[in-house]
Amino acid sequence: MKKTSTLSMAAALMMCVVPAMAQKTASQGIDEYRAMLQDGNPAELFEAKGEDLWKKARGPKNATLEKCDLGKGPGVFKGVFVELPKYFADTQKMQDLESRLVTCMETLQGFNAAEISKTAFGRGEMANVTALATWVAAESKGMKFNLSQSHTQEKTFYEVGKRLFFQRGGTHDFSCASCHGEEGKRIRLQDLPILTKNPGDGVGFAAWPAYRVSNGQMWSMQLRLNDCYRQQRFPYPGFASDATVALSTYLGVNAKGAASIAPAIKR
Amino acid sequence: MADPMRIRAQASGDKATVRVLMSHEMETGQRKDASGKTVPAWFIQEVTAKLNGKDVFSAEWGPAVSKNPFLQFTVKGGKAGDKIAVTWKDNKGDTRTDEATVS
């Protein structure tokens with residue numbers, strides 16, 4: 001009796017295993033779906049919007065952003081994305097792409113930076129910052145990440161970012177490293193990249209801003225980090241806060257040599 | 001005024017492949033906002049395309065089509081230099097036409 005049940009169990013197991021091997025895995029199926037979506041990535045619509053916003057005279061000073069210095073001199077937008085965050089002498093601050101754009105919107109166009117930073121993602125001027133970031137990121141598509149680590153602030157922010165990455169807390173005692181510190185982890189069907197080293201071209205830091213198909217929203221890196229903290233049950237970090245810039249610095253420096261595919265398309 | 005579409009059209013052989021990205025909310029009318037009120041339906045109802053001014057494509061869409069929709073179709077006889085114009089009209093009567101040259 002015992003033997004037959006073991007045998008039938010084995011047979012049942014075989015039946016489960018064999019067809020599964022013949023099929024493609026779930027993640028291969030998802031990759032195919034993503035490849036299909038790639039052809040009509042709606043991020044292009046946000047890119048176009050961002051490019052318009054860059055050239056359009058707006059704000060209380062009725063000026064364009066064409067003199068904005070994103071790190072390679074006023075008006076240069078090609079290749080800046082893969083070198084941010086970096087230290088800016090004029091603001092004496094470490095800044096990522098979004099916080100730098102907000103600085104330009106304040107100094108050149110006369111917008112209130114504090115007001116923009118308080119705006120919810122996807123609303124008002126914040127939606128414009130995201131569109132601008134999408135366009136600037138797209139102008140560095142295919143280039144490899146190469147963040148500077150020469151200024152002391154840049155080194156400090158890397159170290160602070162590293163600490164934040166491993167800092168556990170919240171109701172679930174989570175850290176960024178809980179999900180992004182080991183090979184082969186995933187949330188539902190999304191593979192989670194290891195972010196303590198270069199995760200490869202177009203993965204992790206090199207994939208955002210990205211268009212999210214399931215809710216039709218354009219997500220910037222700031223929103224990506226904000227949502228990671230939400231999932232960890234941490235309080236929301238402030239927009240463009242030193243903490244988020246430090247984390248970005250850590251991720252960006254680790255991604256050295258990875259080619260950017262931003263703006264990407266996600267589930 | 002609605003945001004522009006992105007249209008790419010490429011000829012190969014005796015056909016041209018047209019890819020269109022439209023910027024539209026495509027609200028189904030089934031969702032409720034934070035205060036519990038129904039978000040009114042707002043979606044593209046008609047899509048038409050013209051090749052050098054001649055109708056080549058028409059479709060009726062409904063609320064099941066995604067936000068920021070992507071459309072791809074092939075036009076027989078489309079060749080490089082031809083003009084392809086795509087028009088959509090939504091249920092609020094708003095409309096937008098964009099044109100691209102087949103490459």
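**Reading strand S6 of chain B and its surroundings**

Trainee: Which way do the side chains point along strand S6 (residues 83-90) of chain B?

Mentor: In a regular strand the side chains alternate between the two faces of the sheet. Here B:Ile84, B:Val86, B:Trp88 and B:Asp90 point to one face and are buried, while B:Lys83, B:Ala85, B:Thr87 and B:Lys89 point to the other and are not. Buried means 20 or more other C-beta atoms within 10 Å of a residue's own, exposed means 12 or fewer, and partly exposed is in between, with C-beta atoms placed from the backbone. Strands (E, at least two residues) and helices (H or I, at least four) are DSSP runs, numbered from the N terminus.

Trainee: Before we go on, what am I looking at?

Mentor: This is a predicted model, where local features need pLDDT of at least 70, side-chain atom pairs count only at pLDDT 80 or more, and totals for chains, interfaces and linings use all residues. Residues are numbered from 1 along each chain as its sequence is written, and chains are lettered from A and ligands numbered from 1 in the order in which they are written.

Trainee: How many bridges join strand S3 (residues 44-51) of chain B to S6(B)?

Mentor: Two strands pair if DSSP finds at least two bridges between them. S3(B) and S6(B) run antiparallel, with 7 bridges, and B:Ile44 stands opposite B:Asp90. S6(B) also pairs with strand S7 (residues 95-101) of chain B, antiparallel over 7 bridges; there B:Val86 has B:Asp98 as its bridge partner.

Trainee: What do S6(B) and S7(B) form?

Mentor: A hairpin, with 4 residues between the two strands. In the turn, B:Gly93 has a positive phi of about 90 degrees.

Trainee: Which residue in the loop between H3 and S1 of chain A should I check for phi?

Mentor: Try A:Asn62, in that loop. Its phi is positive, about 50 degrees, although A:Asn62 is not a glycine. A:Asn62 is exposed, with 10 other C-beta atoms within 10 Å.

Trainee: And where is the cis peptide bond to A:Pro85?

Mentor: That bond joins A:Leu84 and A:Pro85, with omega about 0 degrees. A:Pro85 lies in the loop between helix H3 (43-55) and strand S1 (86-88) of chain A. Another cis bond runs from A:Ala262 to A:Pro263, omega near 0 degrees.

Trainee: How many residues of chain A are in contact with chain B?

Mentor: Contact means that C-beta atoms, placed from the backbone, lie within 7 Å. By that rule, 8 residues of chain A touch 9 residues of chain B.

Methods:
Contact = placed C-beta atoms within 7 Å.
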